[in-house]
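Grab the viewer and work through these exercises with the structure open. Try each task yourself, then check the steps underneath.

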Amino acid sequence: MKHKSVWVGVALLIPTGIHGATWVTPSCCSENTIAPSTIKCKSVTRKVECGGITIVDCGECQSGYSPYQAKKTVCSGAAQQTITYQDCMQNVVVSCSVGEYQDGMLCAKCPDGGKSDIGATSITQCYKPKYENTFSDSTGSGVTGMDNNCYYTK
């Protein structure tokens, strides 16, 4: 019985560079500066269409919206691309608890155990409460403390 030998060749690709791989920016994306208006954007800087996804870069936000930087990674086949753009997020009404104040879209505790009323929107609405201490000893009696609340400043 005769045996046949079959040789199989294997190609080995060795990546070069410090990190071992080089990404090639895909040509899948197209940019269009004339973009449709959206509910949240007052003005649009550009519109990018990539891999079936449309990304609108807002230049300015409508009233009731705030800008933030967003990133989206889009793929076309094996290639990928990350697009950074400005989007607009609807403003959220934040109502902070007693002893807190609104810091951006979050609530923060008043410093040094300070107090505040519910719904405080700034650190300047935090305060150390007024107090009175009465005392009495063999020489007499009196009152010490603060007559008024002491508010924080920025």
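**Exercise 1. Work out how exposed E60 is, and find its charged partner.**

Step 1. Start with the accessibility in this predicted model. E60 comes out at 41% relative accessibility, so it counts as partly exposed.

Step 2. Now look for the partner. The side chain of E60 forms a salt bridge with that of K42, at 3.9 Å from N to O. The cut-off here is 4 Å, so the pair qualifies.

Step 3. Place the two residues. K42 sits in strand β2 and E60 in strand β3, with their positions 18 residues apart in sequence.

Step 4. Check the other end. K42 has a relative accessible area of 53%, so this lysine is exposed.

**Exercise 2. Find how many salt bridges there are, and describe the ones that do not involve E60.**

Step 1. Begin with the principle. Side chains of opposite charge can pair when their charged atoms come close.

Step 2. Count them: the total is three salt bridges.

Step 3. Take R46 and D57. Their side chains meet at 3.2 Å, N to O. R46 belongs to strand β2 and D57 to strand β3, so the bridge ties together parts that lie 11 residues apart in sequence. Both R46 and D57 are buried.

Step 4. Move on to D87 and K40, whose side chains pair at 2.9 Å, N to O. This bridge spans 47 residues, from K40 in the loop between β1 and β2 to D87 in strand β5.

Step 5. Compare the two ends. D87 has 9% relative accessibility, so it counts as buried. K40 is at 28%, so it counts as partly exposed.

**Exercise 3. E100 has no salt bridge: is it buried or exposed, and what is the nearest side chain of opposite charge?**

Step 1. Locate E100: look in strand β6, residues 100–103.

Step 2. Check burial and charge. E100 is buried, and the nearest side chain of opposite charge is K109, 4.3 Å away. A salt bridge has to be within 4 Å, which means that this pair misses the cut-off.

Step 3. See what surrounds E100. Beyond its neighbours within four places in sequence, its contacts include C107, A108, C110 and S116.

**Exercise 4. List the disulfides and decide which parts of the chain they link.**

Step 1. Search the whole structure: four disulfides turn up. Three of them are worked through below.

Step 2. Look at C41 and C58, with sulfur atoms 1.6 Å apart. C41 is in strand β2 and C58 in strand β3, 17 residues apart. C41 is at 2% relative accessibility, so it counts as buried, and C58, also at 2%, counts as buried too.

Step 3. Next come C61 and C88, joined with an S to S distance of 2.0 Å. This pair connects strand β3 (C61) with strand β5 (C88), 27 residues apart. The angle about the S-S bond is -90 degrees, and the link is left-handed. C61 is buried at 13% relative accessibility, and C88 is buried at 4%.

Step 4. Finish with C110 and C126, whose sulfur atoms are 2.0 Å apart. Both cysteines lie in the loop between β7 and β8, 16 residues apart. The torsion about their S-S bond is about -70 degrees, so this disulfide is left-handed. Both C110 and C126 are buried.

**Exercise 5. Explore the loop between β7 and β8 through Q125 and D112.**

Step 1. Find Q125 in that loop. Its relative accessibility is 35%, so it counts as partly exposed.

Step 2. Trace its surroundings. Outside the four places on either side in sequence, Q125 is in contact with K115, S116, A120 and Y151. Its side chain also reaches the backbone nitrogen of T121 at 2.5 Å.

Step 3. Turn to D112, which is in the loop between β7 and β8 too. Its phi is near 55 degrees, a positive value in a residue other than glycine. At 61% relative accessibility, D112 counts as exposed.

**Exercise 6. Decide where to read the model with caution.**

Step 1. Check the overall confidence: the mean pLDDT of the chain is 75, and 73% of its residues reach 70 or more.

Step 2. Pick out the weak stretch. Residues 5–26 have pLDDT below 50, and beyond near neighbours in sequence this stretch has 12 contacts in the model.

Step 3. Draw the conclusion. Where pLDDT is low, the predicted coordinates should not be read in detail.

Note on methods. Residues numbered from 1 in each chain as written. Predicted model: local features only at pLDDT ≥ 70, side-chain atom pairs only at ≥ 80, totals over all residues. Heavy atoms only, no water. Disulfide = S-S within 2.5 Å. Helix = DSSP H or I, 4+ residues; strand = E, 2+ residues; numbered from the N terminus. Buried < 20%, exposed > 50% of the residue type's maximum accessible area, 1.4 Å probe, protein only. Contact = heavy atoms within 4.5 Å. Polar contact = N/O pair within 3.5 Å; in protein donor to acceptor, adjacent residues only side chain to side chain. pLDDT = per-residue confidence, 0-100. Lys, Arg positive; Asp, Glu negative; His and termini not counted.
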